[in-house]
Amino acid sequence: MHGTLRYAALALAVAACGGPVTGPRPVAARLANPATTLNQLQAISAVTNTPLFESFTVLAPRFTPASATGSVALALALDFAARYSRWRRSEPRTAHHRVPTPSATAPASSPGTTFVWDPDTSGYIASADTGAPANGERFVLYAISQRSGLPSVPVAPIGYVDLTASDSSGTGVTLVGTPAGGAPATTYASYSVATGAASATTLVGFVTDGTTRLELDVHSDSTTTPGALTMISAIAVPTQNVQVSESVTVSGGDSARMTTDLRLASDGETVRATGDVTIDTTSRIGSGQMTVSVNDCAFATITLGGPDLVFDPAPGVTLSTDDETTLRALFSTSFELYGTERVLLIPVPFSTTWRGGERRTD
């Protein structure tokens, strides 16, 4: 009886992968259009590959003295996203791929205040500038020097971040770009972060580069697995007709272990990539694998352990150059999305609440 059930399950799996139970050999799994999938992944990546988001990544850790952004896993995720991304491999590494560094001299809370960068102290100071929300604060963002990784001198403002008290336990974050020459300001991100019981945090809102918009619903929890952080996200990309979901668990000390489960669904095709990667936090050398399926059928395995990624097709699958390029982008995106979500949480440390319109760290 058990053998019959196993055979029936196998037969259903074979049929689901594109072939009949009997007759001709089943059709192997394949990407319906690898170029389209690659374009979708590139569009998602482009949302945070902008000077404004780079400035936000570099400077947000300096908004609050308790910013919990010295995360090794965050830095490694950003590093891996850049290192293995096909369309970035020939580009210079930008400042936001470095470790975000909290500031020991971050300014004290002051509702209604606009904070500006002071090159002399390499930190933010209160200014007399107007425009900050009455129930929050504004931090001006600047063009980043690729040499120093800090605002260039003389400073060149390119936007600002408003932090507002949305309710007793939540914070609103708005990222605005201010082009030179008097062009209208544009909102590139708007979301709220609420911290619940036992270090559970939710983030709801959007981030965009002006072309592609990611609608985010993210849940972060550090209690499900002892000593680990788990982030579960649902992302809609309307302009690309894509739905993305991802679950990431990060743990470890001298070596960081990241287990990822990324699904990209579009036009009846679901591409799933599940990875288990361990990274030495000192050398930043990683090892592990990511398995990829298309509509629940095995497609390829991506192996990390040398100077570059290695792609092995599943039985019966032949990988084209386009397939391998798309697999590389899939690997990179799995880390980049996690990094993006952690970056968006930077201005709102888990221990920060707002009371009476004032930012406090408990």
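**Exercise 1. Place Thr260 in the fold: list its contacts beyond four places in sequence, then its element and its burial.**

Step 1. Leave aside the neighbours of Thr260 within four places in sequence; the contacts are then Glu246, Ser247, Val248, Ala273, Thr274, Gly275, Met290 and Ser334.
Step 2. Find the element. Thr260 belongs to strand β11, residues 255–266.
Step 3. Classify the accessibility. The cut-off for buried is under 20% relative accessible area. Thr260 has 6% relative accessibility, so Thr260 is buried.

**Exercise 2. Judge the confidence of this predicted model, overall and in two stretches.**

Step 1. Start with the whole protein. The mean pLDDT is 81, and 77% of the residues reach 70 or more.
Step 2. Turn to residues 19–25. Their pLDDT is below 50, and the stretch has 8 contacts in the model beyond near neighbours in sequence.
Step 3. Turn to residues 350–358. Here too the pLDDT is below 50, with 34 contacts beyond near neighbours in sequence.

**Exercise 3. Summarise the overall make-up of the protein.**

Step 1. Count the elements: 5 helices and 17 strands.
Step 2. Take the burial. Of the 362 residues, 48% are buried.
Step 3. Take the contacts between residues at least 6 apart in sequence. Of these, 49% join residues at least 24 apart.

**Exercise 4. Describe how helix α2 packs against helix α5.**

Step 1. Set the geometry. Helix α2 spans residues 34–46 and helix α5 spans residues 321–344; their axes come within 9 Å and cross at roughly 25 degrees.
Step 2. Name the arrangement. Angles under 35 degrees count as roughly parallel. The crossing angle therefore makes α2 roughly parallel to α5.
Step 3. Give the hand. The crossing of α2 past α5 is left-handed.
Step 4. List the residues. From α2 come Pro34, Thr37, Leu38, Leu41, Ile44 and Ser45. They meet Asp322, Asp323, Thr325, Thr326, Ala329, Leu330, Thr333, Glu336 and Leu337 in α5.
Step 5. Sort this contact by chemistry: 7 residues are nonpolar, 5 polar and 3 charged.
Step 6. Recall the helix repeat. An α-helix has 3.6 residues a turn, so residues three or four places apart point the same way.

**Exercise 5. Is helix α3 largely enclosed or open?**

Step 1. Count the buried residues. Helix α3 runs over residues 51–59, and 8 of its 9 residues are buried.
Step 2. Name them: Leu52, Phe53, Glu54, Ser55, Phe56, Thr57, Val58 and Leu59.
Step 3. Conclude. With that count, α3 is largely enclosed by the rest of the structure.

**Exercise 6. Locate Gly172 and give its separation from Gly205.**

Step 1. Gly172 sits in strand β5, residues 170–177.
Step 2. Its relative accessibility is 9%, so Gly172 counts as buried.
Step 3. Gly172 and Gly205 lie 33 residues apart along the chain, and their C-alpha atoms are separated by 9.6 Å.

**Exercise 7. Examine the backbone at Pro154, Ser122 and Asp267.**

Step 1. Recall the background. Most residues other than glycine have a negative phi, and most peptide bonds are trans.
Step 2. Take Pro154. A cis peptide bond joins Val153 to Pro154, with omega about 0 degrees. Pro154 is in the loop between β3 (136–142) and β4 (157–165).
Step 3. Take Ser122. Its phi is positive, about 55 degrees. Ser122 is in the loop between β1 (113–118) and β2 (123–126). Its relative accessible area is 28%, so Ser122 is partly exposed.
Step 4. Take Asp267. Its phi is positive, near 50 degrees. Asp267 is in the loop between β11 and β12 (269–280). Its relative accessible area is 65%, so Asp267 is exposed.

Key
Residues are numbered from 1 along each chain as its sequence is written. This is a predicted model: local features need pLDDT of at least 70, side-chain atom pairs count only at pLDDT 80 or more; totals for chains, interfaces and linings use all residues. Side-chain values use heavy atoms; hydrogens and water are left out. Axes are lines fitted to C-alpha atoms, for helices over the stretch in contact, and angles run from 0 to 180 degrees between N-to-C directions. Helices (H or I, at least four residues) and strands (E, at least two) are DSSP runs, numbered from the N terminus. Angles under 35 degrees count as roughly parallel, over 145 as roughly antiparallel, 65 to 115 as roughly perpendicular and the rest as oblique. A crossing is left-handed if the near helix is turned anticlockwise from the far one by less than a right angle, and right-handed if clockwise. Contact means heavy atoms within 4.5 Å. Ala, Val, Leu, Ile, Met, Phe, Trp, Tyr, Cys and Pro count as nonpolar, Asp, Glu, Lys and Arg as charged, and the others, Gly among them, as polar. Buried means under 20% relative accessible area, exposed over 50%, partly exposed in between (1.4 Å probe, protein chains only). pLDDT is the predictor's confidence in each residue, from 0 to 100.
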